[in-house]
Structures are given as C-alpha cells and as structure tokens.
Amino acid sequence: MRGNKTHIHIENSRSSVEVFKANKKHVEDLFARNADLADKLDITIGSSNYDEIERWSKEDFKEYYGYMTTADILVGYSFPTADIETYAPNLRWIHFISSGVEHISPFNWVPSGMTLINNRGVHLPKSGESFATFLGMLNSAIPRLLTAQRNHKWDRVFTTIIAGKTLVILGVGHQGGEMARKAKEMGLQVIGIDPYCKEHPCCDVVVTTDKMQEVFADADFLAIAAPLTKETKGIIGKEQLGWLPAKAGVMNVSRGPLLDEIALHEKLCAGELSGAILDVFETEPLQEDSLLWRTPNLIITPHVSSDDLVNYIPLTLDLTIENYRNELVGKPLKNIVDTSREF
Amino acid sequence: MKSQDKINIMVLTAEDSLKVFRFTQDRIDAVLERFPEHKDKVNIYTVRTSTSFENTPGWNTNDYELFKDGIKDADVLIGYMFPLEDLSQTAPHLKWIHIIGAGIEHLHPLTWVPNGVTLTNNRGAHGPKTCEYAMMALLMLANNMPRLGTAQHRNFWDGHFVSVIKGSRVAIIGAGKQGSAVALAAKRLGLFTIGIDIDVTPRADFDEIYEPGKLHEVLSDSDYVAVTLPMTQETERSIGKMEFAAMKQGAGFFNISRGKIVDTLALIESLSSGHISGAILDVFDAEPLPKDSPLWSTPNLIITPHMGCDDEENYIHRTLDIVFDNLSKFIAKAPMQNEVDKHKGY
C-alpha cells in the first residue's frame, strides 16, 4: 500500500521493443477508462536496462527494490526471484505480461499465498487475425509462391477455397481456441489435440495426445499452439511430421522448441509437406546463418503474430484492473498460472 | 453432333487447358445434374483442340478444321478465344457466346461480334475464391508480409509489430463483381469500405461509393487500396505516379484485375521509396512475368502468378452454372445475366 491506495508497480525493460513498454499515457488512459479507481490505486512505472537479471545495473536493482517495498501487485516480465518475500512484503500477485512463463520456472521461488497471473487472452484479437492470415496463406500456397518469387519463377499453381478443409490444432488453450474460432468462421473442420481440454465450442472434436497419428492422417493444416513445458518440448519431430499427408501445411505460433526445425526443413525439401509458416524458433532472433532462411516453401515471421503494437499494453492493464476488481469483490482471479503444469 | 430439336452448345476447350479451366465430361455431367430442367433441352458437345487459340504457335490445320466443323451447328459457344473473323459465315446459327473469363479485353474491339449474337462474360464465377484471396491479401498487407518476405530473402530478422486491421479503411477501385467480392471480404474483417466507380448507386458491402473524380481524395484517406477495374482504354494506366503519390504514407496496395491498369514503374518507385508499405500483385503487364522483370526483386512486393481468383475445383462448375442460369432467359429471348456492353467493352 502507498498511503491508503493499492500500489501497482509496472516494471519495464528498456531493451524491450515498444509494444511491450508501458508508459505514462497508458496509465492516464487507464484511469480515464476507470475513473472510479483514481483514489484507490497508485500505479508506478519502473524500468530496468535489460530483461536478464544478470545484466541489471546497481541502479536498476535500487529503483526496483524501492518500488517493491510498497507494491501490492507487480506487472512485468522479468525480476529477481530470490528473497521476493523479503523485498516485497506486501506483494500479493504478479501479472506477467507474457502468456508463456517458462522463463521464470521452476516455480519453487514463489512464496505460498502469492499468485502468478499470465497474459493469455490478451493476444487474441491480434493473434486471431494472424491465424486467419496464416491459414489463408497456407491454403493459397503462398510459401511455395514466395520461394518461386525468390527464384524469379512463374509457378502458376491453382488452389481451391479453404471451406471444408481440415485443421488440426495442437493445444486448445486460449491461443488454440482462438485459432479454432477463426477456422470455424472460415468454414474449416477443426480437430483439437489436448491432454486436459475434453471439448471446445469451436472444435468439431478434441482428442487426447495419443490419437495424434490418427488425426494427422487427414489434416490439411497443422497448427502448433501448445505451451512449452517438459511434456511438449520436441513434441513434433520427424516421426510426427511423417504422419501428415504431403498436401499438409504446418504453422507454429506458440514456442519454437515444440517443433524439430531440422525435421521440418527436411520434409519441406523433400516435398513431403506443402508449406510452412513459422513465427517462433528454437533460438530467437533466428541466426543469420540458419538454414531455415532458405528452406523451400517456408515463410519466416519474426515472432510477431500475437502482439498488437497499439493495444497490447492497454489490454494487459485492463486485465490487471479486471483482476483487481475481482479481488475487491472476492471473485477468483483470471489467468492464474498452475505452477505444477507451468502454464 | 447437331440436334434438330435441342439447343446446340459447343464447348471449346484444349488438350493443354490447365485443370482449373478444363472442361471435362464429369464437369459437364455435373451441371446437367444440377439443372435437370434443362437436361433434355440441350445438346452439349466438346471441341477439343490441340492447344488454346491464344497460345503460340497457335492452332494447326486440324484445329481449324475441328473448330469450323463444330461451330457450323452451334447455337451457343462457350470458350475463351477463337478465330474472330467471318463468324457470321462460319457460324450461321450462332446466337450467344459465353466467354469463360471476366476480363475480355483480349477480344477488343468487339466489332467482330455478328449482329444478333449476344456476348456474355464470366463475372461472378470467381466470387468465393476472390473473396478469400482478398481477405488474405488484406491481412497479409496488415501483417506486413511483403516486408517480411523481403527481410527473409536477406536473412534479416525484421522484428516489428503491427496492430489489428479491424477498423481500417479500404478503397476499392472498381465496384463491379470483383470489387464487391473484395468489399465483402473487407466487411468480414471489420473494415470501412469505399468504392470508386462510374456508377455510384449504393450497393451491398460498400459503406460509401464515389465517382472517379474523387479518387485522389479517397486514396489520401485509405489504409488499403484494391484495384478491381475492367481493362479498357479509359482504365489503362489509370493508376500511376499521381495516384500512388495521393495514397497515404504506409498504405498497402493490391491489384487482382489486370496488370496494364497500373503503371508498374510508378508502383516500383512508390515501394522503393517506402511511400507505400507493401503490395501484392496477382496480375501483370506481361504474363508469365518475364524472368528479367524488375518486379521479381522489388522490395516489399509479393507476386502471385495470376491464380488468386480462380478456384481449381470450382471455377468450371461456377462457369457452367452461369450459362445454365441464363438458359431460361435465352430460350425466352429475355435479357441475360452478364451481357457485355459492346461499346463499353465489358
């Protein structure tokens, strides 16, 4: 608390891209949207030089620890986890401005009673549009056509409309669910694969992971949308890609390590898949000498499919406020991270 | 071949027709199933030449014989390109020609059309595929795909973020069938749609529609620009330097109608200077695009080889649907759908 106000501290990283940085204007706009909270909340913005704690300067730590002596709620991505109970005695919950929180696992540093919130859902308006883009591009053979363009080749391939084709989505969480919703709007048949979710309003069927081979056989498109955990790391390898028919197109929009990039490269070179779009990679940024830049029928987008330049921080802060209001009336918070599952 | 009491329909196709444009017996049988009421009224025969007439080196003697032999009995011709001269002599019964293209500038000027023969085109056959392609093109421009494609060619991780397309504005130049398919796509994505057309009658999916005199004003206030005009003397090179200059800084551009409507060099200049942010072209001055065309390596441009609006599985089905929808009107000697205005040329 600061005075009699609840203290929300936002910790930015100056090395981060604009889209992820909160500024004064964001906070002003937030209060304009929530005029009733003006005398209840004190929102501060701090900033470290880098995300990586090892690269924080003395001043970074000093400023951060200063804010945290009174902070009730922390909004950020990266911070020192050691002794958090001591340096932030009032801290009740931490709102991560990312969907994935694997960068701060394992979670044995989390004091009991402290809640972790992630940002799943905030990406949806933007990622929904990106997913529709990628589905359309895979269906219209755009990966193949960009390869042809690079080779100055007029490769007149004709395609048919997407309605009626089959999309398999690995992981039917927030992101996968939005993918399913978009696909349904476009008239696709949607099959989800998920170990926890048994059914989904936008999936024709959701199957468990052991049915993967069966559902891959009829897929026109595979979308990888599962979180990165111990279980999902490397889940799509050479064998699994081999279960897909040659007409299939693949996209990965969640985390690079779920997919064996080399196996995908080989399948595309051999013409055993029709095309692929990758937004995420094992290593980001993708190194300049990566062979993926020249993989035929592969389109590379630099991890930009989900983050909305204009709306990302406003939507994030709206979620913080929604949870603050939930807390006030004793409702459960949204987007609580299950630390045992790591998402 | 000829039937005395039925309407004789000659389908002109070629051995080298691409699958998307090929008339197969299956596809003909399928339309007869879809229109059982017409099944007994028509006699459809297919004339299959060795190559399409417009292809070089062109027809051989046998192809000309096949055509002459087929056309002499035809009441109706369905085709794309064929010898235009002396049709009134070679085709004494011909009353209707259906062209399986939406743009028919390859047949201009239309002075060869014999008196009493109605010409129809294929506008509308492309609808669903055009709508899907337009939706993709708009989304690709919104997501800076042309820029990312250029970056990929340079092994460059060009990480930058964009916002959603919902709420943006698109100018659609030409509000006919193709323009309307683009407008429908844009409305589905939540855009505000502004049409430019010589006919400013309000129509579905256009929030506003203005005459060509307002073009520059509309361009200056649009995030996206789509070219969906027919190719005529008036529209040739009508999108040039001045028009690109009038566009908003950072606008996205796509052309899915005809290459010659756009001044290619002006487009290249606008892209290279960064004035417009990206473009997608499906049509070109010369097709196939020559190997040495500067377009292949123009930055922030994506090239698709004139495949955007033609649905491989459904194009011929939809073509035959247009013909069969028109048959009752043809029999009743009533005006048909898609009649070409011989003076306007489309």
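I take contact to mean heavy atoms within 4.5 Å. The model is predicted.

**Entry 1: Phe343(A)**

I started with Phe343(A) and asked which residues it touches. Leaving out residues up to four places away in sequence, I list Asn118(A), Arg120(A), Tyr196(A), Pro227(A), Thr229(A), Val337(A) and Asp338(A). Phe343(A) sits in the segment after helix H10 (312-328) of chain A. Is Phe343(A) buried or exposed? Neither; Phe343(A) counts as partly exposed, because its relative accessibility is 25% and the buried class ends at 20%. I also checked Phe343(A) against Asn4(A): the two are 339 residues apart in sequence, and their C-alpha atoms are 34 Å apart in space.

**Entry 2: the two domains of chain A**

Next I looked up the domain assignment of chain A. Domain 1 covers 6-122 + 307-328, and domain 2 covers 124-300. I noted 33 Å between their C-alpha centres. How many residues meet between domain 1 and domain 2 of chain A? Eight residues of domain 1 are in contact with six of domain 2. The two domains of chain A bury about 580 Å² between them, with 55% of that on carbon and sulfur atoms. On the domain 1 side, Glu102(A), Arg120(A) and Gly121(A) supply 59% of the area buried against domain 2, more than any other three residues. Arg120(A) was already in my notes as a residue that Phe343(A) touches.

I then went through the polar side of this interface. I found one salt bridge between the domains of chain A. Arg255(A) pairs with Glu102(A) in a salt bridge, and the closest N and O atoms are 2.9 Å apart. Three residue pairs are in polar contact across the interface, both residues at pLDDT 80 or more. The domain 1 side that touches domain 2 of chain A has two nonpolar, two polar and four charged residues.

**Entry 3: the two domains of chain B**

I repeated the search in chain B. Its domain 1 is 7-125 + 311-331, and its domain 2 is 127-303. The C-alpha centres of these domains lie 32 Å apart. Domain 1 of chain B gives eight residues to the contact, and domain 2 gives six. About 610 Å² is buried between them, and carbon and sulfur atoms give 54% of it.

Which residues form a salt bridge here? I found Arg258(B) with Glu105(B), the closest N and O atoms being 2.4 Å apart. The count across this interface is one salt bridge. I also counted three residue pairs in polar contact, both at pLDDT 80 or more. The domain 1 side that touches domain 2 of chain B divides into one nonpolar, three polar and four charged residues.

**Entry 4: chain A against chain B**

I turned to the contact between the chains. It takes 53 residues from chain A and 47 from chain B. Chain A and chain B bury about 4500 Å² between them, 65% of it on carbon and sulfur atoms. Which residues of chain A lose the most area to chain B? They are Gln149(A), Trp154(A) and Phe158(A), together 19% of what that side buries.

I counted zero salt bridges between the chains. I did find 24 residue pairs in polar contact, both at pLDDT 80 or more. Helix H4 (124-139), helix H5 (142-150) and strand S12 (298-300) of chain A are the elements that give two or more residues to the side touching chain B. H4(A) provides the largest share, ten residues. By class, that side of chain A has 29 nonpolar, 13 polar and eleven charged residues.

**Entry 5: backbone checks**

I closed with the backbone. Most residues other than glycine have a negative phi, and most peptide bonds are trans.

Where are the cis bonds I noted? One joins Glu284(A) and Pro285(A), with omega about -5°. Pro285(A) lies in the loop between strand S11 (275-278) and S12 of chain A. Another joins Glu287(B) and Pro288(B), with omega about -5°. Pro288(B) lies in the loop between strand S11 (278-281) and strand S12 (301-303) of chain B.

I also noted two histidines. His152(A) has a positive phi of about 55° and sits in the loop between H5 and strand S6 (166-170) of chain A. His152(A) is partly exposed, at 27% relative accessible area. His303(A) has a positive phi of about 50° and sits in the loop between S12 and H10 of chain A. His303(A) counts as partly exposed too, at 21% relative accessibility.

How values were computed
Residues are numbered from 1 along each chain as its sequence is written. Chains are lettered from A and ligands numbered from 1 in the order in which they are written. This is a predicted model: local features need pLDDT of at least 70, side-chain atom pairs count only at pLDDT 80 or more; totals for chains, interfaces and linings use all residues. Side-chain values use heavy atoms; hydrogens and water are left out. Domain bounds come from an automatic or database domain assignment. Buried area is the accessible area (1.4 Å probe) that two parts lose on being put together, summed over both. A salt bridge is a side-chain nitrogen of Lys or Arg within 4 Å of a carboxyl oxygen of Asp or Glu. A polar contact is a pair of N or O atoms within 3.5 Å; within protein, one must be able to donate a hydrogen and the other to accept it, and residues adjacent in sequence count only if both atoms are side-chain atoms. Ala, Val, Leu, Ile, Met, Phe, Trp, Tyr, Cys and Pro count as nonpolar, Asp, Glu, Lys and Arg as charged, and the others, Gly among them, as polar. Helices (H or I, at least four residues) and strands (E, at least two) are DSSP runs, numbered from the N terminus. Buried means under 20% relative accessible area, exposed over 50%, partly exposed in between (1.4 Å probe, protein chains only).
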